[in-house]
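I opened a notebook page for this model. The entries below keep to what I looked up.

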2 protein chains.
Amino acid sequence: MVTIDKFSRTPVYEQIADGFCREVLCGLMPEGAQMPSVRELSVLLATNPNTVQKAYLELDRRGVISSAPGVGSFIRPGAADAIREGMKSRMSEITAIARELALAGIPEEEVLDCIRSAYRDPDQPKTEKE
Amino acid sequence: MVTIDKFSRTPVYEQIADGFCREVLCGLMPEGAQMPSVRELSVLLATNPNTVQKAYLELDRRGVISSAPGVGSFIRPGAADAIREGMKSRMSEITAIARELALAGIPEEEVLDCIRSAYRDPDQPKTEKE
DNA sequence: ATAACTGTACTAACCGCCATAGTACAGTTG
DNA sequence: CAACTGTACTATGGCGGTTAGTACAGTTAT
């Protein structure tokens, strides 16, 4: 389920949008699946309907969902591909941070290991065991 | 020289602080070097003295500079190490983004190449040639 | 048609962060 | 004393995020 961190710096509406993108990528929300209604989700997340609507607007802008008054919001065909495409821009973020780390003299191997560990277990950032 | 991007999302005072951190790491600002005065820098950057002071406060918080009324602000001994230490937290950012990319199915090699290219030339993000 | 749902639009208000402006005070240096 | 330094303070404006409340339009089921 999508969760909200009230203390995070990233806006709530963005957390919601990102959360559903993750569910789509995981296969929890297949193409054609119906999103919870704006009002329903606002109750579940203990937030404001306007904030949820803003999240849905963002998801629509990303090509993830499609909405119709009276009907509901649904996962678009090809949503996962749209998300993947948008993801590529995030690689430049990684490059930018890596450049700073390089300048700071952090060993390249340490940073590469960050990537490797992320690919080893994409879930469960905490409480990992080996 | 430290420069300001008025259209960037990151606050100006943070850009200033980050900029001087970069200069320290590059060796342009060695230990004991005197920072420009608050008022002087505010003129150079065409910004407000309060904004510069906030940047200096941030640099003090990071253990990069040390200030004294009537004297000035100076690069602390061990400033580079302090910056390096703070940098390590940024590795978790990389890990978080990499996890999303992994979930999105972006090939690991592509992400690893982001790191490698960043380490190949830490400067000049654009107009690179091979 | 009515009721109950859906998305959507709009205004108003509040809050926090950032930046600016102006003033003032305290310490150091010449 | 004059000229610099950092520092503190209040006030203001702007922007973005969130909440609140209301309203309208479209669909679905009864």
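**Surface near DNA strand C**

I sorted the surface near DNA strand C by class and got 8 nonpolar, 12 polar and 3 charged residues. Nonpolar here means Ala, Val, Leu, Ile, Met, Phe, Trp, Tyr, Cys and Pro, charged means Asp, Glu, Lys and Arg, and polar means the others, Gly among them. The model is predicted, so I noted its limits: local features need pLDDT of at least 70, side-chain atom pairs count only at pLDDT 80 or more, and totals for chains, interfaces and linings use all residues. Side-chain values use heavy atoms without hydrogens and water, residues are numbered from 1 along each chain as its sequence is written, and chains are lettered from A and ligands numbered from 1 in the order written.

I listed 23 residues around DNA strand C (near: a heavy atom within 4 Å). The closest are A:Arg39, A:Gly70, B:Val12, B:Thr47 and B:Asn50. Of the strand's atoms within 4 Å of the protein, 64% belong to sugar or phosphate and the rest to bases.

**Polar contacts**

I looked for N or O pairs within 3.5 Å. The side chain of B:Thr47 has an N or O atom 2.8 Å from a phosphate oxygen of DNA strand C; for B:Tyr13 the corresponding distance is 3.4 Å. B:Asn50 places a polar side-chain atom 2.8 Å from a base nitrogen of the strand.

**Chains A and B**

I superposed chain A on chain B with a rotation of 179 degrees and a 0.1 Å shift along its axis, at RMSD 0.2 Å (least squares on C-alpha atoms of residues with pLDDT of at least 70 in both). This is the relation of a two-fold axis. In chain A, the C-alpha nearest the axis belongs to A:Ile94, 2.8 Å away.

Note on methods: Polar contact = N/O pair within 3.5 Å; in protein donor to acceptor, adjacent residues only side chain to side chain.
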